[in-house]
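Thanks for coming, everyone. I have a short tour for you today. Let's put the structure up.

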Amino acid sequence: LVGHSNIHFDLIKSDKKISIPTSESSREFSNSSYQTSNSVQIFKNIFNKKFKIIQATSDWTRKTNLQIITKNKNIDENINIAIVGNRLDIELDIEFFKYLEKAIKIIPNLKFKIIGEQPKLDLISKKLLKNIEFISFISDLENYFIENIDFYLNPKRFGGGHSSMMAIKANIPVITLAYGDVYSAIQKKYFINSFDEIADFIKNYIEDKDFKIKIDNMNKEILIDSSKVFEDMIRTIVKI
C-alpha cells in the first residue's frame, strides 16, 4: 500500500502486507505487518501491533538527470526563495509571514515564490506582498527550481519531503527547522533554530565560501545515501 488507508488493501488476509506512507500523519492507519520508515521511531498499526520496519529513504521523486548549473549569487541580486506545498492555505500563518518580513528588512531583495495552494492574503502585510509571487501549481518542479530558485524554505509542518528532495537534486540549499518531513528528508544534517535565522543562513551561504561548501557537500551526501537506501529497501521488499 502506498499512501493512506485503503479498504481493498485492508481486506487482504496476509502477513506479508507492506505499507509505504506518504505522510507522517497516515503512518498508523494500516493493518499491514511491515512499514517503510526513515527513522528508528516505533510505529504501531491499527491493531496496536508494532510494524516490522523496513529502512527507507525520504526520496520518492523521479531520478534526475538534468544539467545542474552551480549558481554564485551576490547578496545585492534578487534572491529567489521557494515555499512549496499543497496545503499552504492552512500551513502558513501570520507568525510565519512576520518572520519573512523580518528577513526582508535584513536582505531587501529576497523574493518569495509561493508554489501550490495560495495562503490567505489577509495574513500578509502590504509591504511583504511586494516581495511575494504566487506561482500556483507546477508540473515540472525540478526544472523550475533549477532555472528560477536559489533557496528552499520550509514552514513548520509535517509535509514537504518530496519537494525538498527535488530542491536537493537541483543543488538548492534547504532552510528548515529541526522538525517534520523535510528535516527527515535531509537526514537531519543541518537546520536553523528559528525563522529569525532565515537571513543569516542566506548571507552565510552566499558570502562564506566554507559554509557554502559544507552545505553543498552535505546535500551531495544526502543524494548518495538516499539512492543506496532505496536500492536496499527494494531488495528487502522483494525478499518478503
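Let's start at one residue, Asp 232. Asp 232 counts as partly exposed, because its relative accessibility is 29%. Keep in mind that this is a predicted model. Where does Asp 232 sit? Its place is in helix 9. Its side chain makes a polar contact, at 2.7 Å, with the side chain of Arg 235. Now look across to Leu 121. Asp 232 and Leu 121 are 111 residues apart in sequence. In space, C-alpha to C-alpha, they are 45 Å apart.

Now helix 9 itself. Helix 9 runs from residue 209 to residue 239. That makes 31 residues. From first C-alpha to last, helix 9 reaches 46 Å. The expected figure at 1.5 Å a residue is 45 Å, so to speak the yardstick, and the helix comes close to it.

What caps the N-terminal end of helix 9? Asp 208 does. One of its side-chain oxygens lies 3.1 Å from the backbone nitrogen of Asp 210.

Next, the buried side of the story. The buried residues of helix 9 include Phe 211, Ile 215, Met 218, Ile 222 and Met 233. Lys 212, Asp 216 and Asn 219 are on that list too. A general point helps here. An α-helix has 3.6 residues a turn, so residues three or four places apart point the same way. What covers these buried residues? The cover includes strand 2, strand 3, helix 6, helix 7 and helix 8.

Let's pick one of them, Ser 226. Is Ser 226 buried or exposed? Ser 226 counts as buried, because its relative accessibility is 5%, and the cut-off for buried is under 20%. Leave out residues up to four places away in sequence, and Ser 226 touches Thr 57, Asp 59, Met 165 and Gln 187.

Met 165 takes us to helix 6, where Met 165 is among the buried residues. Helix 6 covers residues 161 to 169. Why call helix 6 largely enclosed by the rest of the structure? Because seven of its nine residues are buried. Gly 161, Ser 163 and Ser 164 are in that group. So are Ala 167, Ile 168 and Lys 169. What do they pack against? Strand 4, helix 5, strand 7, strand 8, helix 7 and helix 9.

After helix 6 comes Asn 171, with a positive phi near 65 degrees. Most residues other than glycine have a negative phi. Two more residues go against that pattern. Lys 188 has a positive phi of about 55 degrees, although it is not a glycine. Lys 188 lies in the loop between helix 7 and helix 8. Ser 136 is not a glycine either, and its phi is positive, about 70 degrees. Ser 136 is in strand 6. With a relative accessible area of 40%, Ser 136 is partly exposed.

Now the largest pocket. It holds about 800 Å³ of space. It is lined by 36 residues. Which of them are closest to its centre? Thr 22, Gly 159, Gly 160, Gly 161 and His 162. Helix 6 comes back here. Helix 6 gives the most to the lining, with four residues. Strand 2, strand 4, strand 5 and helix 7 each supply at least two. By type, the lining has twelve nonpolar residues, 18 polar and six charged.

Two loops to finish. The first is between strand 7 and helix 6, and Lys 156 lies there. Lys 156 counts as exposed, because its relative accessibility is 53%. Beyond its neighbours within four places in sequence, Lys 156 is in contact with Leu 177, Tyr 179 and Phe 195. Lys 156 and Ile 94 are 62 residues apart in sequence, and 12 Å apart C-alpha to C-alpha.

The other loop is between strand 3 and strand 4, where we find Asn 78. Asn 78 is partly exposed, with a relative accessible area of 44%. Leaving aside neighbours within four places, Asn 78 is in contact with Lys 73, Asn 109, Lys 111 and Asp 150. Pro 108 is 30 residues from Asn 78 along the chain, and their C-alpha atoms are separated by 8.8 Å.

That's the tour. Over to you.

Terms used: Residues numbered from 1 in each chain as written. Predicted model: local features only at pLDDT ≥ 70, side-chain atom pairs only at ≥ 80, totals over all residues. Heavy atoms only, no water. 1 Å grid on protein atoms, 1.4 Å probe; cavity = no way out; pocket = protein on both sides within 12 Å on 5 of 7 lines; lining within 4 Å. Points joined across faces, edges and corners; volume = space filled by probe spheres on them. Nonpolar A, V, L, I, M, F, W, Y, C, P; charged D, E, K, R; others polar. Buried < 20%, exposed > 50% of the residue type's maximum accessible area, 1.4 Å probe, protein only. Contact = heavy atoms within 4.5 Å. Polar contact = N/O pair within 3.5 Å; in protein donor to acceptor, adjacent residues only side chain to side chain.
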